[in-house]
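Student: I've got a protein with DNA on my screen and I'm not sure how to read it. Could you walk me through it, one feature at a time?

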Amino acid sequence: MAQKLARSSYSRPTLIVARDLLGKYLVRRIGRSFLIGKIVEVEAYRGSIDPASHAYRGRTPRNAVMFGREGHPYVYFTYGMHFCANIVTEDPGKAGAVLLRALEPISGISRMIVNRKKKERKRNPKRTDDRSLTNGPAKICQAFRIGRKENGIDLLGRKIYVTQGESIKHSEIERSQRIGIREGKEKKWRFSLKGNRWVSEGGRKI
DNA sequence: TAGTTGATCGTCT
DNA sequence: GACGATCAACTAA
């Protein structure tokens with residue numbers, strides 16, 4: 001098993017952490033089985049200096065985890081039905097976070113399919129593509145069974161963590177505008193792997 | 001293939 | 001009471 005990222009990896013400036021997470025492996029342990037995905041798309045949210053961040057208007061019960069220690073997942077519920085997962089960065093109080101937007105499935109794929117409840121596979125062949133398994137922030141949470149319970153647990157623990165993955169060259173990284181937000185749109189704080197098939201749809205249009 | 005909309009509810013104003 | 005760091009199904013062409 002590859003080496004888990006140390007706490008200090010998450011302590012660095014949010015933009016650096018975001019870029020650096022590309023190519024790393026997100027590992028989710030459920031009982032005895034493991035789900036593994038390579039991180040191919042992320043967005044940086046910079047706490048109190050970023051109007052698009054949930055933490056911009058200060059601490060609330062919902063975003064408390066972001067104001068806590070780095071190296072913990074901030075999982076939030078949105079649109080009445082979806083979860084999205086972030087990784088908290090920088091020192092406590094800074095409320096930096098990196099949103100996981102897309103993964104490339106590496107291991108445990110059949111379980112991811114079950115978790116995503118893909119009963120439509122027969123009826124709609126277009127969607128049988130494995131691309132739709134984890135090419136969006138809410139899809140990742142479904143496939144990896146990340147929800148309220150995982151909010152704020154330690155990424156240095158056993159249930160969810162990040163390991164060293166593939167080394168990524170600077171030239172392989174694409175930098176663009178963030179998706180699905182109004183304020184702070186102009187900031188190019190979204191990072192993805194050029195040409196990777198799992199990069200989310202919203203992103204590849206830009 | 002592009003554009004639109006329904007689902008569905010916690011959080012903050 | 002409004003809306004959201006979304007997704008999937010639907011419509012029109």
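Student: Which atoms of DNA strand C lie within 4 Å of the protein, by share: sugar or phosphate, or bases?

Tutor: Of the atoms of DNA strand C within 4 Å of the protein, 53% are from sugar or phosphate, and the rest are from bases. Keep in mind that this is a predicted model, where local features need pLDDT of at least 70 and side-chain atom pairs count only at pLDDT 80 or more, while totals for chains, interfaces and linings use all residues. As for bookkeeping, residues are numbered from 1 along each chain as its sequence is written, chains are lettered from A and ligands numbered from 1 in the order in which they are written, and side-chain values use heavy atoms, with hydrogens and water left out.

Student: Which residues come nearest to DNA strand C?

Tutor: A residue is near a strand if one of its heavy atoms lies within 4 Å of it. Here 22 residues are around DNA strand C, and His54, Tyr76, His82, Asn86 and Arg182 come nearest.

Student: What polar contacts does DNA strand C have with the side chains of His82, Asn86 and Arg182?

Tutor: A polar contact is a pair of N or O atoms within 3.5 Å; within protein, one must be able to donate a hydrogen and the other to accept it, and residues adjacent in sequence count only if both atoms are side-chain atoms. Two of these contacts go to bases: an N or O atom in the side chain of His82 is 2.8 Å from a base oxygen of DNA strand C, and one in the side chain of Asn86 is 2.3 Å from a base nitrogen. Arg182 goes for the backbone of the DNA instead, with a polar side-chain atom 2.3 Å from a phosphate oxygen.

Student: Which elements give two or more residues to the surface near DNA strand C?

Tutor: Helices (H or I, at least four residues) and strands (E, at least two) are DSSP runs, numbered from the N terminus. The elements giving two or more residues are strand E3 (73–78), strand E4 (82–89), strand E5 (96–107) and helix H5 (137–143).

Student: How do the residues of that surface divide by class?

Tutor: Ala, Val, Leu, Ile, Met, Phe, Trp, Tyr, Cys and Pro count as nonpolar, Asp, Glu, Lys and Arg as charged, and the others, Gly among them, as polar. The surface near DNA strand C has nine nonpolar, seven polar and six charged residues.

Student: What about DNA strand B?

Tutor: Eight residues are around DNA strand B, and Thr60, Arg62, Tyr79, Gly80 and Met81 come nearest. By class there are three nonpolar, two polar and three charged residues. Of the strand B atoms within 4 Å of the protein, 67% belong to sugar or phosphate. An N or O atom in the side chain of Thr60 is 2.3 Å from a phosphate oxygen, and a polar backbone atom of Tyr79 is 2.8 Å from a base oxygen.

Student: How many salt bridges are there?

Tutor: A salt bridge is a side-chain nitrogen of Lys or Arg within 4 Å of a carboxyl oxygen of Asp or Glu. By this rule there are eleven. One of them joins Asp154 and Arg7, at 2.9 Å from N to O. Asp154 sits in the loop between H5 and strand E6 (160–163) and Arg7 in helix H1 (residues 7–11), so the pair ties together parts that are 147 residues apart in sequence.

Student: Is Arg7 buried or exposed?

Tutor: Buried means under 20% relative accessible area, exposed over 50%, and partly exposed in between (1.4 Å probe, protein chains only). Arg7 is buried, at 16%, whereas Asp154 is partly exposed, at 28%.

Student: Which residues are linked with Glu41 in a network of salt bridges?

Tutor: Glu43, Arg101 and Arg190 are in that network with Glu41. Glu41 and Arg101 pair up with their closest N and O atoms 2.9 Å apart. Glu41 lies in strand E2 and Arg101 in strand E5, so the pair ties together parts 60 residues apart in sequence. Both residues are buried.

Student: Which residues of helix H2 (residues 14–21) are buried?

Tutor: Thr14, Leu15, Val17, Ala18 and Leu21. They cover an arc of only 160° around the axis (taken from the directions from the helix axis to the C-beta atoms), which puts them on the same side of H2.
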